[in-house]
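Trainee: I'm new to this structure and would love a guided tour. Could we go through it with a few questions?

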Amino acid sequence: MKTSQSIRSYRLGDRVVGRLGFGAMQLAGPGVFGPPRDRAAALAVLRAAVEGGVNHIDTSDFYGPHVTNQIVREALHPYRDDLVITTKVGARRGADGAWLPAMLQAELTTAVHDNLRNLGLDVLEVVNLRSMLGTHGPEEGSLEAPLAALAELQQQGLIRHIGLSNVTARQIEDGRRLCTIACVQNMYNLAHRDDDALVDSMAAVGIPYVPFFPLGGFSPLQSKTLDQVAAEVGVTPMQAALAWLLQRSPNILLIPGTSSVAHLHQNLAAGDVRLSEDAVTRLDAIGSGDVVRR
Ligand SMILES: NC(=O)c1ccc[n+]([C@@H]2O[C@H](COP(=O)([O-])OP(=O)(O)OC[C@H]3O[C@@H](n4cnc5c(N)ncnc54)[C@H](OP(=O)(O)O)[C@@H]3O)[C@@H](O)[C@H]2O)c1
């Protein structure tokens, strides 16, 4: 029988992507604002990702802003036919780097055109509406107007597939009545398990669940149990955290972010890590409070 871990690819829109993708947010400057300290290193990470088999990259024009997409374009354009670039709209950056809502029709239209121009594309494969109703987590409220705006841009041929990010189960349900939802991107990792039920319900209907902050985000996960399990398996704690996600459910697509080629290679190698039932049980317990954040 195939385990979740041994399933290496999953349908995203009408494409099939490897479950180990790459999140490009770490390639902008500090605070995801401005240029990176080392642009050549950022280009090298992206090229190493694609050479290492990654065919799903997550980005946004509000990283930098514009900077990350421009780096993606410089590193990888013309893009390989099998590469799926997922982007997101719904936010903009203030002059001080603040994350501000930008979910009005005109703002979404501008964002889609910014993404097209900076990525050098005629059509965006997947565009996630990143709900800004809640900045630090999903908050209930209608997303009908911004989704309708994206659906219109889809009809104009500028977007192939629409996804949702930072959303509740109800918002996904409502959204699915308005348009086909290709994927859901919410915060989820070993320690942050609010979406356990949502992961399963998305799996049941074949929608990819793409956890952001799979390694804990800006303060990577720290846990004694994670360290112990990783040492027993002979991998790094971050590899064990990614392997746990791969084993959690076959519809989970990973987009760990890194600015380091060495970390990228470690993350890709997590695809070959097998966790025993006992290891999974011990890692599961982390969700109930064994983690320290820096
Ligand atoms: N929809 C949303 O609202 C939203 C929000 C946040 C992020 N995202 C997306 O999700 C992606 C992933 O999130 P993320 O990059 O913020 O967080 P993450 O993948 O959980 O973790 C990134 C952090 O982990 C470190 N790291 C990565 N690989 C490592 C390894 N093998 N060993 C040790 N440390 C490692 C990175 O530092 P180094 O650079 O030093 O490796 C960085 O500090 C982003 O790139 C972005 O595309 C979406």
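Trainee: In what order do the six strands of the open sheet lie?

Mentor: Keep in mind that this is a predicted model. The open sheet has parallel pairing, and its edge strands, each pairing on one side only, are strand 3 (22-23) and strand 10 (181-185). Reading across the six strands, the order is 3-4-5-8-9-10.

Trainee: Which residue in strand 10 stands opposite Ser165?

Mentor: Start with strand 9 (residues 159-165), which runs parallel to strand 10 and is joined to it by three bridges. Within strand 10, the residue opposite Ser165 is Gln185.

Trainee: Is Leu129 buried or exposed?

Mentor: Leu129 sits in strand 8 (residues 124-130). Its contacts, leaving out residues up to four places away in sequence, include Val89, Leu143, Leu150, Ile162 and Ser165. The cut-off for a buried residue is 20 or more other C-beta atoms within 10 Å. Because Leu129 has 25 C-beta neighbours inside 10 Å, it counts as buried.

Trainee: How far apart in space are Leu129 and Met103?

Mentor: Along the sequence, Leu129 and Met103 are 26 residues apart. In space, taken from C-alpha to C-alpha, the distance is 8.3 Å.

Trainee: Which helix gives the largest share of the largest nonpolar core?

Mentor: That core holds 85 residues, and Leu150, Val184, Leu226, Ala240 and Ala241 touch the most other members. Ala241 touches Asn189, Leu190, Leu215, Leu221 and Leu226, not counting residues up to four places away in sequence. The largest share of the core is eight residues, and they come from helix 8 (residues 237-248).

Trainee: Which helix gives the largest share of the shell around the ligand?

Mentor: The ligand is surrounded by 29 residues, with Gly23, Met25, Leu215, Gly257 and Thr258 the closest. By type, the shell divides into 15 polar, 11 nonpolar and three charged residues. Its largest share is three residues, from helix 9 (residues 261-269).

Trainee: Stepping back to the whole protein, what is its radius of gyration?

Mentor: The protein has 10 helices and 10 strands, and its C-alpha atoms fill a box of roughly 50 × 45 × 40 Å along the principal axes. Of its 294 residues, 48% count as buried. A compact globule with 294 residues would have a radius of gyration near 19 Å, so the protein's own value agrees with that: 18 Å.

Trainee: Among contacts between residues at least 6 apart in sequence, what percentage join residues at least 24 apart?

Mentor: Here we set aside contacts between residues that are not at least 6 apart in sequence. Among the contacts that remain, the share joining residues at least 24 apart is 75%.

Key:
Residues numbered from 1 in each chain as written. Predicted model: local features only at pLDDT ≥ 70, side-chain atom pairs only at ≥ 80, totals over all residues. Near = placed C-beta within 6 Å. Helix = DSSP H or I, 4+ residues; strand = E, 2+ residues; numbered from the N terminus. Nonpolar A, V, L, I, M, F, W, Y, C, P; charged D, E, K, R; others polar. Buried ≥ 20, exposed ≤ 12 C-beta atoms within 10 Å, placed from the backbone. Contact = placed C-beta atoms within 7 Å. Core = buried A, V, L, I, M, F, W, Y, C linked by C-beta atoms within 7 Å. Rg over C-alpha atoms; globule rule 2.2 N^0.38 Å. Pairing = 2+ DSSP bridges.
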